[in-house]
Amino acid sequence: MSSQIRRKIYIKFFLLTLLVVFNPLFSAAQSYQPGDIIITEFMANPDAVSDDNGEYIELYNRRSVAININGFTLSDNDSDSHTIDNGGSLTIPGEDFIVLARSSNPGLSEAPEYVFDGFSLSNSGDEIILSDPENTQIARIEYMDNIGSSGVSAVLDDIKGADGSGEIASSEFQVSENNIGNGDKGSPGQKGITSMSEAPTVRFLSEQSTTSEGDDTASISVLLEDPDGTQVEVDVLLQTEESSVVAGDFTGATTKTVTFPASSDDGDTQQVIFSINDDSEYEGTETAIFKLTNVTTSGSASLASPDMHELTINDNDQPDVVVNEILADPDGDANGDGKVDTDSDEFIEIVNNEAVSIDLSNWTLSDADGIIHTFAQGTVLKANEAVVVFDGSGAPQGSFGGSVVVQSTEDLSLNNSGDTITLDSGGGNSTIDMISYGGAGEPDASNESLVRNPDGVGTFTRHTTADTDDNSPFSPGTKIDGSNFTNSVTIEGTAGWRMLSSPVDGMEISDIASATAIQGYPGYNDGFDENFYVGYDDATDTFTKADDINGKLENGKGFLLYFFNNDQAGSTDLPVTLTAPSGSIHTGDVSVSLSDGWNLLGNPFETAVNINDMVVNDGSLINKVGQIWDHETGSYITTSTTGGKVAAWQGFFIENSDATSVEFPQSSKTSGTQFYKERGDAGYLALTLRGEHHSEEVETTDKAAVLYFHEQATHEQDAYDATKLVPLSNRYALIGFSTGAQGGSGLGTELKAQESRPFDFEGELSVDLQMMTKEMEGSFELSWDKKDLPEEWSFTLIDNVTGDQVDMNTNTSYSFTFTERDKVQTTSEESAPRRSLPTAAVLKSKRDQKPRFTLKTSAPDSRRNTESNEIPESVKLNPNYPNPFNPSTTISFELTEQAHVNLNVYTIVGQKVATLVDEVRDVGEHTESWNAADMPSGIYIAQLEVQGKVYIRKMTLIK
């Protein structure tokens, strides 16, 4: 490139930079936060002029810098919308107001800054929503009717009424006291009666950012809002326990103090700079979680959301992944399908030499003519693991050393006479490995494979030359000598407990200790609490230590190990790879002794097993539902959600009745090494509980508790039930079933992660859901989904604290709060919670605590949908069902004698919107439906009038 061309490019870039920095037209491309702009006043029902002329909306910019709202959208509850187009710019000055109106002459003392169309405010209730060009909701209010009489605007009482979501409740608005000048009352463009005082708050400018290890530093912005003239300080702290990075990934301090001087303006930001340690090791993508803490000021200041920031650090080093073996001219059955084929037996073997897993998603293999294979999304190669890509024309049969096996997407069609094979990641410096064969001075590919000698690191040679044992012509998925590349598991992510097992015979505990810390035993950092347990004593409700820390792991038994993410007391930074000794794979069935109650078992093989195929000896199990601790989601996974399959190296809990032992037969081995997400012929309603910085999740869609319907299930304890276990976490929020037999109270019983019921139940099912937390409270969301259940079945969630009833057929989630008074402490305080386990595995609910939720299920024949002539004890207006509803609900009432009935529906302010009954009705129960499809969301009143008496019920419409 000539210097003249480069100079022109640099000049253009410089001018564009000036334009972006100084031109306000570019401000609409900024990232806005909800609440940056708030709605401080609106006129929905003018009196001096028509609605077309007099409706207006007042917006206030809470920031100290101007915001350009050109391109923003106004919308309401009726799906009316208007995209603001003011010729490029409509600016709200910092800490100032502008007025948007339906007319350029609404009778105001000053003309509005902008006129909108296609959008109007309903007098009987509406929404006003302001969204930015990215469709982020910046400001929102919902009002049931225009406050006060016509001709009076609604004005925000106090600017602090707007929360972090930008939403303001209508109760925060008051009627205006100012005269506009045309006879109506309002204060458009002025603060009017609105109080403008706000206490200083500090938050991160954004929740996430991304950097590269090669950038040397990472800059995170901290924002001050509403300063009061005093100095404010706040600490930015790296959360090592919640991060996948460690302190050593940064140079210098990992806690920084940010100081906002007393002279700071609203919206001022301070940059926190963390220096990144650019090492030469490939670590993949890592995350660093930072938290704001320790706000100090001589005045009053607090933290606002977001107070957590996730920094993603992309490694700039190339991973050591190599093409290890190529078979271009097969003369043998390489793919194990029982026949020799010059196409289907072709393969390319790739080996991961790194100590961490590598995501091969969308990586490609190419020859001189183009791409011959693209790796599917989600293809992950574990540390020291191999993947074998066979030609797509055949079906590979066999285990191939436990390696990942795929078939080419474009067919390999490898050139026998020579070619160049390229492995490409698709990134910037994207060539991962490139090898050539068959050329001058290179080995040819005649009748056997070419392989690196030694595997993974050496130069290519003919396989018969490299294999000094039996001169075999190829070894897809295994090393040259036929041994597995690795029998290992890599522990990645954050510090915490893992439930594991040995996949081989005779593995010693010292094999574990050589890779990561074992603590709390003689000779193994015995000044610390135990972080290694080998079982569970159901009789004493305690986890058990190893009797001989220098001994061997028991075949078929599981163990618990806390992995630290530091280099202290014998521990190492994550990821950590545990490798089994070679030559010790089980060649026969494995028998494991059992005790009564809960047993910590483990997969004894190098591949996945199906525990449904276990042989139970001299008695029976409570069920064959295993419980697997999943550190990533902070919850237990039941093997009902994995099709009974348990991965290699995986431990699990199972509950025994009176069996003396179980046997893992060789026939229980199955393909694959990951958790399986399958379910048998059954239907279910699965629940997920999420809270701030937490989600208790099971299965691909993350289930916390599952109501499971099966033809062989009963209303009593059966093989399809699963007990809820105490999470192996320092803090958690969970939910489980606390039910016994149908109709019985579940208080004081063990909680269940899975409650099974028969498909052909009669009447209405009612099951209780108990919530428990440790070190958590605040806002939570319970969501659900259904699979393979009759569409006509109805499900209702009842919040026993608030009285809310949610139709689970038309809604998919429910938000609620859980506070200190609701908590159930299931464990005592721990002196060293990072290492200590709860004292018991099984959760039990308090006898004196009312379950938080009740879940009701009914089939059509169990719901009362016909009128009854039975004589009630009294006149009643029953709760509508469902409630909340969208858009229809059913209202029932009961009469003790024949009478004239009026059943009407009113808004919360008394406006009648529907008459459902106005006639004489007979004695008994009657039902009426109300379809509110044309009504806005809100609270409505059902009013029954019988013989001069009035009965009312509140109903909630949510759209």
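**Aromatic pairs, strand pairing and backbone features of the predicted model**

In this predicted model, the count of aromatic pairs comes to 24. One of them is formed by Phe250 and Phe290, whose ring centres lie 6.1 Å apart and whose planes meet at 70°, so that the pair is edge-to-face. Since Phe250 belongs to strand β18 and Phe290 to strand β21 (residues 286-297), the pair ties together parts that are 40 residues apart in sequence. Phe250 and Phe290 are both buried. An edge-to-face arrangement is also found for Tyr814 and Phe853, with 6.2 Å from centre to centre and 90° between the planes. Here, too, distant parts of the chain are linked, as Tyr814 is in strand β64 (residues 813-818) and Phe853 in strand β65 (residues 853-858), 39 residues apart. With a relative accessibility of 10%, Tyr814 counts as buried, and Phe853 is likewise buried, its relative accessible area being 0%.

Ring pairs also join Trp497, Tyr533, Tyr536, Phe543, Tyr562, Phe564, Trp598 and Phe653 into a cluster. Aromatic rings are further involved in contacts with charged side chains: Lys545 lies over the face of Tyr521, at 4.8 Å from the ring centre, and Lys669 lies over the face of Phe605, where the corresponding value is 5.3 Å.

Strand β18, which holds Phe250, is also part of an open sheet of 5 strands, in which the order is β18-β20-β16-β14-β22 and the pairing is mixed. The edges of this sheet are formed by β18 (250-251) and β22 (302-303), each of which pairs on one side only. Within the sheet, strand β14 (residues 201-204) and strand β16 (residues 217-225) run antiparallel and are joined by 4 bridges. Phe204 has Val222 of β16 as its bridge partner.

A buried acidic residue was examined next. Asp768, located in strand β60 (residues 764-774), is buried yet has no salt bridge, the nearest side chain of opposite charge being that of Lys856 at 8.7 Å. The side chain of Asp768 does, however, make a polar contact of 3.1 Å with the side chain of Thr854.

Several features of the backbone are located in loops between strands. The peptide bond from Asn453 to Pro454 is cis, its omega being near 0°, and Pro454 is placed in the loop between β36 (450-453) and β37 (459-462). A cis peptide bond also joins Leu574 and Pro575, with omega about 5°; Pro575 is found in the loop that runs between β43 (558-563) and β44 (576-579).

Positive phi values in residues other than glycine were found for Asn362, where phi is near 65°, and for Gln947, where phi is near 50°. Asn362 lies in the loop between β27 (358-359) and β28 (364-367), and because its relative accessibility is 47%, this residue counts as partly exposed. Gln947, for its part, is placed in the loop between β71 (938-946) and β72 (949-957); with a relative accessible area of 54%, Gln947 is exposed, the cut-off for that class being over 50%.

Notes: Residues numbered from 1 in each chain as written. Predicted model: local features only at pLDDT ≥ 70, side-chain atom pairs only at ≥ 80, totals over all residues. Heavy atoms only, no water. Pairing = 2+ DSSP bridges. Helix = DSSP H or I, 4+ residues; strand = E, 2+ residues; numbered from the N terminus. Buried < 20%, exposed > 50% of the residue type's maximum accessible area, 1.4 Å probe, protein only. Lys, Arg positive; Asp, Glu negative; His and termini not counted. Salt bridge = Lys/Arg side-chain N within 4 Å of Asp/Glu carboxyl O. Polar contact = N/O pair within 3.5 Å; in protein donor to acceptor, adjacent residues only side chain to side chain. Phe/Tyr/Trp six-rings, centres within 6.5 Å; stacked < 30°, edge-to-face > 60°. Lys NZ or Arg CZ within 6 Å of the ring centre and 35° of its normal.
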